[in-house]
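Student: Could you walk me through this structure, starting with one side chain and building up from there?
Tutor: Gladly! Take a look first, and then ask away.

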Amino acid sequence: MKERLFLVESTQDGLRAALVEDRWLQAIEIDRAARPTRVGSVTIATVVRAVHGIGTFLKLNDGAELLLDRGGPAPKAGDEIVVQITRAARGNKAGGASRSVSLPGRGVIHLPNDSGAKLSKRLDTASAKRATLEALVAGKPGGWIFRRTATLIGVADLTAEIATLAAEGQGAGGQGSGIAAPNAFRRLAIDYGAKAPDRILAAGLAAQRAAERWCRAFAPSLEERIESVPAGLFDLHDLDDAIAALVEPRVAFPGGGSLVIEPTEALTAIDVNAGPEANALSANLAAAAEIARQLRLRHIGGIIVIDFISMGRERDQDQVMAALKAAVADDPSQTYIIPMSPLGLVEMTRERRGPGLEISA
C-alpha cells in the first residue's frame, strides 16, 4: 500500500507543505516570508473607480488594487466594502476580490453571508446520510456546503471543522472584518486531507505549530500522527529538485515521452511528445496522468489547451479522453473538459484556487 505523507517544513524563508505518495510528489504549497500571500483573506477595501467593460477597482489600505468579481449591485466610488481576496495579480492582470466570502474546510465550505445547507452535486449519498450531515450544521449561522469529500471524514472531525469555521465566519462582516489568509499547511490539508495522511512530518518549530494548530481546530483525530523531525526534511525526501523543476517547460513522463508546458496570460498550452519507441496511444495515455499531476503541482488554472499526438482511430481518442477525465477526477479544483477536436486538441478549464506557486525567493 502506498504511504501517504504530509511534509511541512519551516525555515527563515517561509513555510512549505507537500503531499507525497510512495515517494512521489503530488501537491505542494509554499509561503514566502518576504512575499506573504493575501489570497483567501477577508478585509475591507475602498471602491476607487469603475471602468466600463472591465469592472470595479478596489484599493486596500496599503495601496494595492484589486478587480471586484462581477455579481450583485455595483458599489459606488468611495464605498468601503468587505471582500475576500480571491486571486493574486498575474502579469498585467490585477488581483481579484469577491463580496461572497467562502471559508473552505476538508468536508464543508462555510458561507458566512449566506444561509441554509447544501450538498455538492459531486457528493453521492443516501437520504439518511444527507439528514445526518445537515443535522451537523442545524442552528449554525451562515450557509454551508458539504463537499464531495464530506463522507470521508469522521463525524467528530467534521463537527470540529464546522465549529472552527463558524467561529471564523463571525469575523467576516462589519467594520471589524478581518480573516487572515490560510497558510501553506492549511491550504494543503483543505485540498488533500480528506483522505487522511498516514503521517504528518514537521521540521521546524513554526512547521510543527502550524500542523498542531490545524489538527486541533479541524481534525483532532490526526494530531497523533504529527511527528517532529530534523531540519532538511524536503531534501531528505528529494523534493527540492522536484520543486525546482516546476519552472521548467519540459517534463518527462514514463515511456520516454515528454510534455512542453507554456503558460501565457490568456491560457496554458501543453504539447505532448512521444518517446522514440512509444506509439501514439500509449504516449497519450501516459501523458494524461502526468498532465493532471502537473496542473496540481504548478497551480495552473483558467483555460488549458492540450495538443495530444494525433490518433487516427476514434476509439483511441475516446480512451485518451477517458484517461484524462479519470486523472482529474480527484482534483480539488473543478475542471471542465471539452471533447477532442479533429486536430487532436483538447480544451479544458481548471478553477483557480489559492495563491499561485512561487518557486524562487
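Student: Is F6 buried or exposed?
Tutor: Buried means under 20% relative accessible area, exposed over 50%, and partly exposed in between, using a 1.4 Å probe and protein chains only. F6 has a relative accessibility of 0%, so F6 counts as buried.

Student: Before we go on, what kind of model is this?
Tutor: Residues are numbered from 1 along each chain as its sequence is written, and side-chain values use heavy atoms, with hydrogens and water left out. Local features need pLDDT of at least 70, side-chain atom pairs count only at pLDDT 80 or more, and totals for chains, interfaces and linings use all residues, for this is a predicted model.

Student: How many aromatic pairs does a search of the whole structure find?
Tutor: Rings of Phe, Tyr and Trp (its six-membered ring) pair if their centres lie within 6.5 Å; planes under 30 degrees apart count as stacked, over 60 as edge-to-face and the rest as tilted. With that rule, the search of the whole structure gives 3 aromatic pairs.

Student: Are the rings of F6 and F185 stacked or edge-to-face?
Tutor: Their centres are 6.1 Å apart. Their planes meet at 85°, so the pair is edge-to-face.

Student: Which strand and which helix does this pair link?
Tutor: Helices (H or I, at least four residues) and strands (E, at least two) are DSSP runs, numbered from the N terminus. F6 and F185 are 179 residues apart, so the pair links distant parts of the chain. The two elements are strand β1 (residues 4–11) for F6 and helix α3 (residues 184–192) for F185.

Student: What is the angle between the planes of F185 and W214?
Tutor: F185 is buried, with a relative accessible area of 0%, and W214 counts as buried at 4%. The rings of F185 and W214 form an edge-to-face pair, 5.9 Å centre to centre. The angle between their planes is 75°.

Student: Which helix holds W214?
Tutor: F185 lies in helix α3, and the pair ties together parts that are 29 residues apart in sequence. The helix that holds W214 is α4.

Student: Which residues do ring pairs link into a cluster?
Tutor: We have already met F6 paired with F185, and F185 paired with W214. Ring pairs link these into a cluster whose members are F6, F185, W214 and F218.

Student: Which helix gives the largest share of the largest nonpolar core?
Tutor: A nonpolar core is a set of buried Ala, Val, Leu, Ile, Met, Phe, Trp, Tyr and Cys residues joined through side-chain atoms within 4.5 Å. The largest one has 44 residues, and F6, F185 and W214 are among those that touch the most other members. The largest share, 6 residues, comes from helix α4 (residues 205–218).

Student: Why are the buried residues of α8 on the same side?
Tutor: Helix α8 (residues 314–327) has 14 residues, and D316, Q317, V320, M321 and L324 are buried there. The arc is that of the directions from the helix axis to the C-beta atoms. These residues lie on the same side of α8 because they cover an arc of only 135°.

Student: Which residues are exposed on the other side of α8?
Tutor: The buried residues of α8 pack against α7, β18, β19 and β20. On the other side of α8, the exposed residues are R315 and A326.

How values were computed
The expected span of a helix is 1.5 Å times one less than its number of residues. Contact means heavy atoms within 4.5 Å.
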